[in-house]
Structures are given as structure tokens and as C-alpha cells.
Amino acid sequence: MQNSKPIQRVGLAGCGALGSIIADGLHRGIGGYRMIGIAEIRPMDLPAPRMEFAELAEQSDYVIEALPPNVVPELASEVLPRGKKLLLLSAAALLRFPEIMEMAVPGQLLVTSGALSGIDAVRAFALRGIKSAKLISAKPPHALAGAPYVVDHKMNMATITSPLRIFVGSAPDAARGFPANTNVGVTLALACTPYGAKELFNITVEIWADPMAAGNTHKIQVETHDGAVLTSEIFSPPSLINPKSSPQAAYAMLAHLQTGGGAFEI
């Protein structure tokens, strides 16, 4: 007699531009998982019972986060003390709110490849020893308008007529300056950091405003100390609901649930 794998109960926090893609995928069915509820404050039809964070955490084995970054600590404070796993889309929240990692035990926090490609290879490079890593992101100017860095530097995105590099710096600085746009930078920095390391690997992040861009392009360049080089680039049209979001991040989450790959523990 063949043993069947236990069904994992999944809760979803947030049903916006990305969360709705994940909700639809779970509603259609993914082997080994059952969606038990959704936490969403907006009045809308949901494919699963509406729940508060506490109820969602109590009834789930896994909770998938698809929230604005500033709400992630509230969710984490319900999920992690209960010993449940939290799968994050908002990787940048880990740098903005370090208390999230302080609440977690090893294996509780997982980050997927998000809107990037080649992350599994980057994780292998991290074990090999990374010398340098860079992320170059290009987006339409309107997708960057309103970011704290743009506002603080009084940049008018509407006046940009050719590709312009508007930021270069570290992943933590990018996370602070572009909280709605730089989950990719934090994801790459986390992927470059060997498991258990005390400090985040220091990658370089470049952000370009490109008025001719039809969507979001993310290019990563990683080199190991012994000369191995990885270059990977991905283009994705922006979400029609939220131009600051890439649908690829939601599909990466669904792919992880289907295959078990494409994610790593923090």
C-alpha cells in the first residue's frame, strides 16, 4: 500500500495584483496543498474564506505573504510564534523590519526567486564563494514615481526622455529608497549570502528609469572567487493592476509549491 503525502494547509495574506494570481492558482488546485483562507481587507469576492491574520496563522501550515511591505511585520508576529512557515514575496521587508528574522527559527522563513532568474545557480555560487554581485533593474519611469528616494531627490519621472540611471547603491539602501520596487535586490543579496551567515552579502544595485521600456527588466551579474561567472536576464510585463509589481514573482511562488524548488530558507 502506497503512502500518500499529507495535504498541507495554505493561507494567503493579501489578494492584490500578485496575491490574486496565487489565489487563482491555489483555487485551481496544486497537488499536496489546500487553500484554507485569505486575509484581505478590501471588499471583494474571494475563492476561500476571509480570515484575520491570527485565524489564518492558526489554521495554516504555510502562510504565503502578498502584502504591502509595511504590513509584513504584523503578519509575521502572528505566524512565526505559532511555529508556522512564512513564504515571502516582500523580501525587502526583511531589511526594513529586522525583527521579522529575530522572531523566526531556522527554516521558518522562505523566499522564492521572485522576479529574478538564475537564483538556484546563485545559491550554489554562494557556497562556492562569491567575489562580486550586481543587479541592474530597468523600469518605466511611472513605475518608479513616488518612491521615497525619487521624492527625496525631487526627481520628476515625467521629464525623463531616455534611459537614466537614477540609483546605484547597496541592497539595504535600495530597499529603503524603493520599498515597492526592490524585492529583487534583497532577494539577490539573500541568495548570495551563505546559509547561516551573520551579515548580508554586499551586492550593488542599479535602478534605471527607461521611458522606452515595455515592462521590467532585471539583469544579474555574479562572479565567484575562482572565476565562475553567471549572467542572467529576465523581462516581464508589469502587472496591469499595479505597475510596480511583476507577475513573475507570483508565478514563481506557484512554481515553488508545484515543484518544491525555486525557494530558499533564511
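1. In which hand does α1 pass α11 in their crossing? The crossing is right-handed. The model discussed in this note is a predicted one, and the points below begin with this pair of helices.

2. Two packed helices are described by the angle between their axes and the distance between the axes. For helix α1, residues 19-28, and helix α11, residues 247-259, the angle is about 30° and the axes are 8 Å apart. Because angles under 35 degrees count as roughly parallel, α1 is roughly parallel to α11.

3. The contact between these helices can be listed by residue. From α1 come Ile-21, Ile-22, Gly-25 and Leu-26. They meet Pro-247, Ala-250, Tyr-251, Met-253, Leu-254 and Leu-257 of α11. Sorted by type, the residues of this contact are nine nonpolar, one polar and no charged.

4. Burial in α1 fits into the picture here. Gly-19, Ile-21, Ile-22, Ala-23, Gly-25 and Leu-26 are buried in this helix. The buried residues of α1 pack against α11 and also against the strands β1, β2 and β3. Just after the helix comes Gly-29, with a positive phi of about 115°.

5. The strands that α1 packs against, β1, β2 and β3, belong to an open sheet of six strands. The order is β2-β1-β3-β4-β5-β11, and the pairing is mixed. At the edges are β2 (33-39) and β11 (263-265), each of which pairs on one side only. From one strand to the next, the twist averages 25°.

6. Within this sheet, strand β3 (residues 62-65) and strand β4 (residues 85-88) run parallel and are joined by four bridges. One pairing to look up is that of Val-63, whose bridge partner in β4 is Leu-86. Helix α3, residues 72-79, lies across β1 (8-13), β3 and β4. The direction of α3 is at about 155° to β4.

7. A second open sheet has five strands, in the order β7-β8-β6-β9-β10, again with mixed pairing. Its edges are β7 and β10 (229-236); each has a single partner strand, so one side of each is left without a neighbour in the sheet. On average, neighbouring strands here are turned by 15° against each other, with direction ignored.

8. How do β7 and β8 run, and how many bridges join them? They run antiparallel, and the bridges between β7 and strand β8 (residues 204-209) number six. Ser-170 stands opposite Thr-204 of β8.

9. Two helices should be noted together with the five-stranded sheet. Helix α10, residues 183-192, packs on the sheet and touches β6, β8 and β9. The direction of α10 makes about 165° with that of β6. Helix α6, residues 119-128, lies across β6 (130-139), β9 (216-224) and β10. The angle of α6 to β9 is about 25°.

10. One loop residue deserves a separate entry. Lys-154 is found in the loop between α8 (148-152) and β7 (164-170). Its phi is near 50°, a positive value in a residue other than glycine. Is Lys-154 buried or exposed? With a relative accessible area of 74%, Lys-154 is exposed, because exposed means over 50%.

Definitions and conventions. Residues numbered from 1 in each chain as written. Predicted model: local features only at pLDDT ≥ 70, side-chain atom pairs only at ≥ 80, totals over all residues. Heavy atoms only, no water. Axes fitted to C-alpha atoms, helices over the stretch in contact; angles between N-to-C directions. Parallel < 35°, antiparallel > 145°, perpendicular 65-115°, else oblique. Left-handed = near helix turned anticlockwise from the far one by under 90°. Contact = heavy atoms within 4.5 Å. Nonpolar A, V, L, I, M, F, W, Y, C, P; charged D, E, K, R; others polar. Pairing = 2+ DSSP bridges. Buried < 20%, exposed > 50% of the residue type's maximum accessible area, 1.4 Å probe, protein only.
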